[in-house]
Amino acid sequence: MSRPLRLGALSAALLLTALAAGCGGDGGRPDTSAHQKPDWSSCPAPSPSQDAAATKAPGGEWECATLHAPLDYRKPHGKTIGIAMIRAKATDRRHRIGSLIFNFGGPGGSGVATLPALAGSYKQLRTRYDLVSFDPRGVGRSSGVRCLGDRQLDAYYAADSTPDDNAEVKSLVRRVKTYATGCEKNSGTILPYVGTTNAARDMDLMRRVLGDKKMHYFGVSYGTELGGVYAHLYPKQVGRALFDGVVDPMQTPEQGALGQAKGFQRALDDYLKACTRTSVYSCPTQNRIRTLLKRLDGRPVRGYGGRKLTESLADGGIAQSLYSREYWQYLTQGIAAAQQGDGRILLALGDAMNGRGPDGRYSTLQSALTAITCADFKQRYTVPDIERKLPTFRKVSPVFGDMMAWGLTQCADWPVHGAWTTPDVSAKGAAPILVVGNTGDPATPYEGAARMAKELGPGVGVQLTYKGEGHGAYDSGNACVRKTVNAYLLRGTVPPKGKVCA
């Protein structure tokens with residue numbers, strides 16, 4: 001650890017509430033053309049569907065609106081979907097370049113909730129760009145996908161996701177099927193239309209509605225895949241685009257999961273080495289972590305709110321802590337506490353991974369992630385498939401291998417067919433795109449950056465390497481990365497091929 005125009009007389013709060021409830025049907029046939037005019041107004045606080053932990057509305061510099069897009073682009077005058085947007089205008093209007101559209105990944109992350117929270121990192125970019133983000137279709141207030149109720153999700157995420165025998169395998173298969181059935185029951189109307197290709201089309205409609213001749217873009221994690229698909233569909237519209245924390249576009253879900261297993265294991269190894277050098281707490285070892293997880297499999301420990309820390313929640317919490325060096329101290333404390341029977345820290349980290357707020361409500365993060373992934377990829381993995389692959393996954397990661405391998409079952413009973421085996425991101429004729437890879441990235445391993453740059457095509461993909469830790473590079477605080485990216489986005493200065501920041 002992942003897209004609005006407003007109906008005239010409706011207040012912002014009422015409209016966005018309607019969107020959260022699934023607005024976007026026939027209702028009055030709103031204008032879905034590039035000539036629609038967003039009704040920008042003040043933003044409400046994020047809803048639980050967008051960010052389960054956020055409670056405060058963005059400051060006065062932020063405006064929200066709704067873009068109306070065709071639900072099915074093959075039927076441009078048919079049903080519509082509302083895409084929630086947010087923006088803060090450029091501070092130097094005289095030297096404004098245009099809009100800089102952000103996608104923070106997931107897939108399933110709410111840009112409307114995330115951009116204001118991270119905007120302090122983008123102050124320099126805001127001098128010349130309007131900062132813009134959105135909830136992609138199926139996310140948050142853009143008809144966010146819902147599969148199960150909050151209490152059902154508590155049980156779903158706590159259940160054993162790394163089965164050890166036939167009975168546990170059958171239980172996992174039943175849960176996956178129940179989840180898919182719930183998604184179809186509660187969000188079946190939108191499931192066929194939440195794929196990345198439609199999100200890319202929404203972005204180009206957004207570009208035109210915002211009045212920009214070119215798409216200036218800042219994509220993180222899955223946002224790099226979305227950006228690559230956009231560049232393939234609209235190469236001539238690409239302006240200045242940054243891909244940070246890069247998804248390997250050549251990987252199937254199996255290859256991607258194996259790459260993540262390697263990436264998280266590499267990050268865990270780096271954490272363990274650093275911990276022994278710098279921590280004032282007793283540092284864990286890999287064997288102790290594995291012993292703890294095995295113990296939790298049979299005997300969960302107390303968490304909070306009457307809930308317990310299970311093996312699955314602890315596995316997710318450990319993975320969540322590896323997204324940033326800032327979380328490493330909590331991982332050390334959390335493992336030590338769990339060994340003593342106190343699972344609160346690791347449970348909090350696991351809840352963050354799953355999009356659960358302190359009040360027990362879940363955002364649409366994980367349900368949208370599944371829906372978008374299954375709408376994109378054709379592959380459907382069976383239990384025999386997983387069992388054949390387990391030895392390879394365990395070899396590359398003794399800690400995360402099983403979790404990543406069994407996670408491939410998520411689309412097994414999905415009610416919608418996938419669109420591709422791997423996405424096409426070739427973008428012949430596009431302007432240079434800056435592709436930044438982090439050597440210590442757990443979620444999008446470094447090797448994917450070179451493959452993305454290659455697939456974009458000669459003269460298009462330009463790779464920058466950051467020798468660091470955590471997911472992504474721009475928000476790592478590294479001065480070299482920030483200076484290089486800012487020079488590209490603000491002045492159009494493309495760095496030399498092979499540039500490295502340490």
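Visitor: How many disulfides does the count come to?

Guide: Five. Keep in mind that this is a predicted model.

Visitor: What makes Cys43 and Cys64 a disulfide?

Guide: Their sulfurs sit 2.1 Å from each other. A pair of cysteine sulfur atoms has to be within 2.5 Å, so Cys43 and Cys64 pass and get the name.

Visitor: And which parts of the chain does that pair link?

Guide: Distant ones. Cys43 is in the loop between strand S1 (41–42) and strand S2 (62–70), while Cys64 is in strand S2 itself, and 21 residues separate the two. As for its twist, the link is right-handed, with 105 degrees about the S-S bond.

Visitor: Why is Cys43 called buried?

Guide: Its relative accessibility is 10%. Buried means under 20%, so Cys43 counts as buried.

Visitor: What about its partner, Cys64: buried or exposed?

Guide: Buried again, because Cys64 has a relative accessible area of 2% and the cut-off is under 20%.

Visitor: How do you know that Cys275 and Cys283 are joined?

Guide: Same kind of check: S to S is 2.1 Å, and the limit is within 2.5 Å. So that pair is a disulfide too. The link of Cys275 and Cys283 is left-handed, at -95 degrees about the S-S bond, and both cysteines are buried.

Visitor: Why is the disulfide of Cys480 and Cys501 called left-handed?

Guide: Because the torsion about its S-S bond is about -60 degrees. The sulfurs of Cys480 and Cys501 are 2.0 Å apart. Cys480 belongs to helix H17 (residues 479–491) and Cys501 to strand S12 (residues 500–501), so the bond ties together parts 21 residues apart in sequence.

Visitor: What makes Cys480 partly exposed?

Guide: Its relative accessible area is 25%. Buried would need under 20% and exposed over 50%, so Cys480 falls in between. Cys501, on the other hand, has 0%, so it is buried.

Visitor: What is the pairing when the bonded cysteines are numbered in sequence order?

Guide: It goes 1-2, 3-4, 5-6, 7-8, 9-10.

Visitor: Let's leave the cysteines. Why is Asp351 called buried?

Guide: Asp351 has a relative accessible area of 3%, and under 20% is what the word asks for, so buried it is. You'll find Asp351 in helix H12 (residues 344–354).

Visitor: Which residues is Asp351 in contact with, leaving aside its neighbours within four places in sequence?

Guide: Tyr304, Arg307 and Arg356. Here contact means heavy atoms within 4.5 Å.

Technical notes. Residues are numbered from 1 along each chain as its sequence is written. This is a predicted model: local features need pLDDT of at least 70, side-chain atom pairs count only at pLDDT 80 or more; totals for chains, interfaces and linings use all residues. Side-chain values use heavy atoms; hydrogens and water are left out. Helices (H or I, at least four residues) and strands (E, at least two) are DSSP runs, numbered from the N terminus. Buried means under 20% relative accessible area, exposed over 50%, partly exposed in between (1.4 Å probe, protein chains only).
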